[in-house]
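This briefing gathers what can be said about the ligand site, two buried charged residues and the nonpolar cores of the structure shown below. Please read it with the sequence and the coordinates side by side.

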Amino acid sequence: MFGKVLVANRGEIALRVIRACREMGIETVAVFSQADADSLHVRFADEAVCIGPPLSKESYLNIPRLIGAAEVTGADAIHPGYGFLAENAQFAEICEDSEITFIGATAETISKMGNKALARQTMTAAGVPIIHGSDGVLDTEREALDFANKIGFPVILKASSGGGGKGMRIVRTPDELSRLFAMAKVEAETAFGDGDLYLERFLEQPRHIEVQIMGYADGTVLTFGERDCSIQRRHQKLIEESPSPIIKPELRNKLSEAAILGAKAVNYIGAGTFEFLVEGDEFFFMEMNTRIQVEHTVSEQVFRIDLLVEQIRAAAGEKPIDGEIRSEGHAIECRINAENPNKGFIPSPGQITAFHVPGGMGIRVDTHAYAGYHIPPFYDSMIAKLIAFGNNRQQAISRMLRALSEFTIEGVETTIPLHQRLFVDNNIVAGKYDTNYLEQFLAENSGQTL
Ligand code: MV4
């Protein structure tokens, strides 16, 4: 097992990694930007190294500084958390070359899954169902039109280097294709330095369902059920739950089997997520994420397994968990962001003047915030994850509403009032929602102040 892990991240996920390491008897090194000197991850780690100015490019994304910090502190592994360098193949490769274990996928797997057109081909070959679409990258607009005519409109153009929505265009009629193809290409080139596009049949009302997996050095792939992440706004998830209210045991088994086939096809080691779109009783592979995700917590609560500990154990080459892996009950996560939902979710950085965290039965709060903490304007606006769990979905919702009413954050605007409104919405309470639901809800309720 590792002796010392450098945590190449900030915020709640840096704390989450430090907590897992502390329980495993592993020493930790925090890195921080000049804007994060007063952060809890700096205080809770065994050692801390300042790696540069506030801007991410100069600190949390600064590869030479991170490698340097690992070398001077004698860390034998780096945990990247999520975001920042978590899915950067070059960083994984530099770690490998520096004889520091990157706690994540291999550089090769990150590259393969980071290229979405290639990931589609890899998964097809593995026997994982994908959405009907182009056979790899579209070389020309003409080719795009031919594929679209073959599979039928509407189609969706996606950036091969994308993921999370950038460079996507829905094309409803043949005459729109030329213009939207050019727009998507420019957007992809600007955002990713790669204008490659592919296309898929557009599903009008899918649910976003993802399967958590863990791969081990002996070739075992374990799965930890699914999460329903359909409540999103502009490709930012706001609420996640496990299990999904719409997935029946038969479909769950099929999703799980598909994820295992996909993971084995790339000899996957560590924590990973297979994202699927589900419509009716059909499911289709969309993307694979080669990192621990924000919403891993809901799977942890229903499986009562520490996925960070498992991820670190897997990276160290240890054996899979033995014994039964079974979920029980229901867990829901609300992302508490310092944003104003009444003003188009504009970020609301600044000092938190009062902070009271809910607790009691069935409540977990993962946060790096505290009373007096200054939320810097430079990073992600998520300041807490509120997770409620119960014997069933109804109990989890009751506990969520109770906890939301206790959660006190003053000094900045947050998404708490929106969550309070969402968990009294009949459709959400009934589990009847798709990936379009939140944006429709916000449009319909735009006149009301929360
Ligand atoms: C789709 C889709 C429907 N059909 N793909 C891809 C990235 C993820 N964040 C959303 N993605 C989608 N991919 C096919 N073939 C629907 C979405 C989607 C979506 C698309 C456009 C506008 C808003 C959306 C919200 C959620 C999901």
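In this predicted model, the shell around the ligand draws at least two residues from strand 6 (155-159) and at least two from strand 8 (197-201). Beyond the ligand site, the points below turn to Arg16 in helix 1, to Glu240 in strand 11, and to the nonpolar cores.

**Ligand site**

- Among the 15 residues around the ligand, those that come nearest are Lys158, Glu200, Arg201, Leu203 and His235.
- Sorted by class, the shell consists of 8 nonpolar, 4 polar and 3 charged residues.
- Lys158 places a polar side-chain atom 2.9 Å from a nitrogen atom of the ligand, whereas Arg201 approaches a ligand nitrogen atom through a backbone N or O atom, at 2.8 Å.
- Leu203 likewise uses a backbone N or O atom, which lies 2.9 Å from a nitrogen atom of the ligand.
- The ligand taken alone exposes 540 Å², and the protein buries 88% of that area.

**Arg16**

- Arg16, which is placed in helix 1 (residues 11-24), counts as buried because its relative accessibility is 7%, under the 20% cut-off.
- The side chain of Arg16 forms a polar contact of 2.8 Å with the side chain of Asp306.
- Residues up to four places away in sequence being left out, Arg16 touches His296, Glu300, Asp306, Leu307, Leu308, Arg364 and Asp366.
- Between the C-alpha atoms of Arg16 and Leu418, which stand 402 residues apart along the chain, the separation is 26 Å.

**Glu240**

- Glu240 belongs to strand 11 (residues 236-242) and is buried, since its relative accessible area is 0%.
- A polar contact of 2.7 Å joins the side chain of Glu240 to the side chain of Arg335.
- Once neighbours within four places in sequence are set aside, the contacts of Glu240 are Asp228, Cys229, Glu295, Val298, Ala331, Ile332, Glu333 and Arg335.

**Nonpolar cores**

- The largest nonpolar core holds 49 residues, of which Leu6, Ile78, Phe91, Ile213, Phe274 and Phe276 touch the most other members.
- Phe274, with residues up to four places away in sequence not counted, touches Met123, Ile209, Glu210, Val211, Ile213, Ala259, Gly262, Ala263, Phe285, Glu287 and Met288.
- A second core, separate from the largest one and made up of 36 residues, includes Phe355, Ala369, Ala388 and Tyr433.

Definitions and conventions
Residues numbered from 1 in each chain as written. Predicted model: local features only at pLDDT ≥ 70, side-chain atom pairs only at ≥ 80, totals over all residues. Heavy atoms only, no water. Core = buried A, V, L, I, M, F, W, Y, C linked by side-chain atoms within 4.5 Å. Buried < 20%, exposed > 50% of the residue type's maximum accessible area, 1.4 Å probe, protein only. Contact = heavy atoms within 4.5 Å. Near = heavy atom within 4 Å. Polar contact = N/O pair within 3.5 Å; in protein donor to acceptor, adjacent residues only side chain to side chain. Areas by Shrake-Rupley, 256 points an atom, 1.4 Å probe, with all protein chains shown as cover. Helix = DSSP H or I, 4+ residues; strand = E, 2+ residues; numbered from the N terminus. Nonpolar A, V, L, I, M, F, W, Y, C, P; charged D, E, K, R; others polar.
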